[in-house]
Amino acid sequence: MSSRLPYQSLAFKEASQGSESLKQWEQSAYQEAQKNLGPAASINQLLAAAELAIRCQDAERANDLIKRTLSKSPTEADAHFLKTQLLQGQQAPADILKHLKTTAPRLTQKKVDHARLHRLLAEELWKQDQDLTGASRAIRRAFECAGPVDFVHCKTMESLDANQIQFDLAIFDALWPWDGRPAEVRFSSVSTDAANQVYVLEHRHQWLFCFDAQGRFIKGITEHQLANVPFLHPEHLWDLTDMATDHAGNHYLCGSSDKIYIYDDQWQEVRQLAPPASQRTLRPLSICVDDEQNVYVIYLHLGGIHRFNAEGFHLGTFGQNTIMPSLGKNYFCGLTLTPEQNICLYDRESIQIFKPGQAQPIQTWFLSDVDSDAMNQDDYPFCWNGVACSDKDIYVCDTYGNQVIALSPDTGSFRILPGEAFLHPFDIAVDQHNVLYLTDTGHGRVMKYKNQKWDVLLSHPAFQGAV
């Protein structure tokens with residue numbers, strides 16, 4: 001709904017700090033609005049008063065004002081939206097569905113206000129009638145009215161299941177909230193698999209996006225679906241920081257609390273990797289998986305690279321982070337595998353290569369183009385710097401320097417990838433065809449680098465990057 005009330009005003013923001021002050025603001029605004037409801041009242045005045053009547057629990061007056069609005073403009077979407085709110089307050093779900101079924105087909109303009117009624121219809125058809133076919137049509141129509149989006153299921157599929165509808169509804173709500181706020185997104189991780197599919201984790205909303213090798217969206221998952229519970233208690237809240245996929249298609253996800261969750265290729269949970277014993281939250285930050293399904297992990301509050309075997313047993317640690325957990329700085333490390341199945345650790349201004357389980361690196365490079373004092377800057381973004389290996393180069397995200405650096409292991413030379421202005425790039429991945437994928441997190445987008453050209457894989461004008 002496009003509210004006619006001044007929710008962005010200083011007076012409302014101050015009043016909303018407490019329940020009593022908010023109630024006083026509502027009552028005062030309602031009394032003032034009723035002074036302008038004569039025969040010549042505009043639609044905006046009627047809608048503002050109707051919304052205030054609902055807030056003040058004056059259902060009879062709200063219903064009268066909505067009727068007056070619709071008599072002036074039968075397809076006024078905001079009046080129909082307020083009608084559904086009124087029915088929700090009266091706990092009349094059957095009447096809501098009946099009203100939306102009657103109203104939505106008449107709202108055909110390419111406007112967000114019209115789109116929101118189709119979105120409401122989709123949710124009610126799904127939840128009340130379990131009509132997935134009707135809900136699929138309704139959410140598709142919602143996006144058609146609101147604007148083009150190419151990372152939702154209804155864009156490419158005719159009939160959606162309940163999980164796909166739920167994901168598409170979440171995307172719609174984030175892109176077109178009724179209060180008009182931008183959708184703050186934090187793309188925290190990007191990875192690829194043996195089929196060159198691309199996976200993107202979004203940290204603020206806890207979304208997972210999957211694209212095929214051609215860059216087409218094929219799947220989206222919410223944290224509720226990952227956890228497989230209807231309601232997430234605080235101890236189940238997810239922290240999507242990194243992901244890896246093994247050669248068999250199993251997915252390894254840094255998820256709830258300290259655990260790493262393992263899913264099969266159909267996204268059914270297989271098992272969990274419990275962290276080493278500790279008196280504090282450890283939080284896995286970066287993971288990689290080798291061809292024998294050994295898992296390598298860096299934790300926020302532990303030093304070293306931790307190793308688990310294919311059965312999930314913790315085999316100890318090797319190597320050492322230069323950034324010790326006790327410093328409490330917002331700057332951590334990234335892991336990846338080399339083509340030779342060695343472990344590559346990107347840590348501050350250095351890159352080290354380890355044989356699995358060996359304490360000392362077999363190769364070390366220092367990045368001359370990375371500011372080694374960056375971690376002491378107050379404005380340093382919270383990140384776990386990305387690293388990826390192709391068959392020729394090692395790529396790292398210099399998050400503070402807003403650049404991507406390529407290292408040639410054969411010569412030890414570095415170069416800066418050209419062609420784009422990035423803002424806080426967090427993570428990077430490379431597929432088997434040496435195509436690069438980058439989370440340009442500060443700009444709220446994911447980029448693709450192929451044939452020395454950057455293109456956008458995932459973005460939207462409503463996205464606002466958050467670090």
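**Exercise 1. The protein as a whole**

Of the 467 residues of the protein, what percentage count as buried? Then describe the secondary structure and overall dimensions.

*Solution.* The structure is a predicted model, and in it 54% of the 467 residues count as buried. The next step is secondary structure, where the protein has ten helices and 26 strands. The C-alpha trace spans about 85 × 45 × 45 Å along its principal axes. Finally, among the contacts with a separation of 6 or more, 49% are accounted for by residues 24 or more positions apart.

**Exercise 2. Helix α5 against helix α6**

Determine how helix α5 and helix α6 are oriented, and describe the contact of α5 with α6.

*Solution.* Begin with the geometry: α5, covering residues 77-89, and α6, covering residues 93-103, pack at an angle of about 165°, and their axes are 9 Å apart. Because angles over 145 degrees count as roughly antiparallel, α5 is roughly antiparallel to α6. The crossing in which α5 passes α6 is right-handed. Turning to the residues, α5 contributes His80, Lys83, Thr84, Leu87 and Gln88, which meet Asp95, Ile96, His99, Leu100 and Thr103 of α6. By class, the residues of this contact of α5 with α6 divide into three nonpolar, five polar and two charged.

**Exercise 3. Helix α6 against helix α7**

Carry out the analogous analysis for α6 and α7, and then place Ala104, which lies in the loop between them.

*Solution.* Here α6 and helix α7 (residues 112-129) pack at an angle of about 135°, with their axes 9 Å apart. This angle makes α6 oblique to α7, and the crossing of α6 and α7 is left-handed. On the α6 side the contact is made by Pro93, Ala94, Ile96, Leu97, Leu100 and Lys101, while on the α7 side it is made by Leu117, Leu120, Leu121, Glu124, Leu125, Gln128 and Asp129. Nine nonpolar, one polar and three charged residues make up the contact of α6 with α7.

Ala104 has a relative accessibility of 1%, and therefore counts as buried. Beyond its neighbours within four places in sequence, Ala104 is in contact with His118 and Leu121. Ser413, in turn, is 309 residues from Ala104 in sequence, with a C-alpha to C-alpha distance of 61 Å.

**Exercise 4. The nonpolar cores**

Identify the residues with the most contacts inside the largest nonpolar core, and follow the surroundings of Phe143.

*Solution.* As background, nonpolar side chains tend to be buried together in soluble globular proteins. In this model the largest nonpolar core has 54 residues, and those with the most contacts inside it are Phe143, Phe151, Ile171, Val200 and Phe209. Leaving aside neighbours within four places in sequence, Phe143 is in contact with Pro148, Val149, Val152, Cys154, Asp168, Ile171, Phe172 and Trp176. Apart from the largest core lies another, of 25 residues, among them Tyr30, Ala49, Ala79 and Leu86.

**Exercise 5. Two loop residues with positive phi**

For Gln130 and Gln341, give the phi value, the loop and the exposure class.

*Solution.* Take Gln130 to start: its phi is near 50°, a positive value in a residue other than glycine, and Gln130 lies in the loop between α7 and α8 (132-146). With 55% relative accessibility, Gln130 counts as exposed, since the class of exposed residues begins over 50%. Gln341 has a phi near 70°, again a positive value in a residue other than glycine, and is found in the loop between β14 (333-337) and β15 (343-347). At 25% relative accessibility, Gln341 counts as partly exposed.

Terms used:
Residues are numbered from 1 along each chain as its sequence is written. This is a predicted model: local features need pLDDT of at least 70, side-chain atom pairs count only at pLDDT 80 or more; totals for chains, interfaces and linings use all residues. Side-chain values use heavy atoms; hydrogens and water are left out. Axes are lines fitted to C-alpha atoms, for helices over the stretch in contact, and angles run from 0 to 180 degrees between N-to-C directions. Helices (H or I, at least four residues) and strands (E, at least two) are DSSP runs, numbered from the N terminus. Angles under 35 degrees count as roughly parallel, over 145 as roughly antiparallel, 65 to 115 as roughly perpendicular and the rest as oblique. A crossing is left-handed if the near helix is turned anticlockwise from the far one by less than a right angle, and right-handed if clockwise. Contact means heavy atoms within 4.5 Å. Ala, Val, Leu, Ile, Met, Phe, Trp, Tyr, Cys and Pro count as nonpolar, Asp, Glu, Lys and Arg as charged, and the others, Gly among them, as polar. A nonpolar core is a set of buried Ala, Val, Leu, Ile, Met, Phe, Trp, Tyr and Cys residues joined through side-chain atoms within 4.5 Å. Buried means under 20% relative accessible area, exposed over 50%, partly exposed in between (1.4 Å probe, protein chains only).
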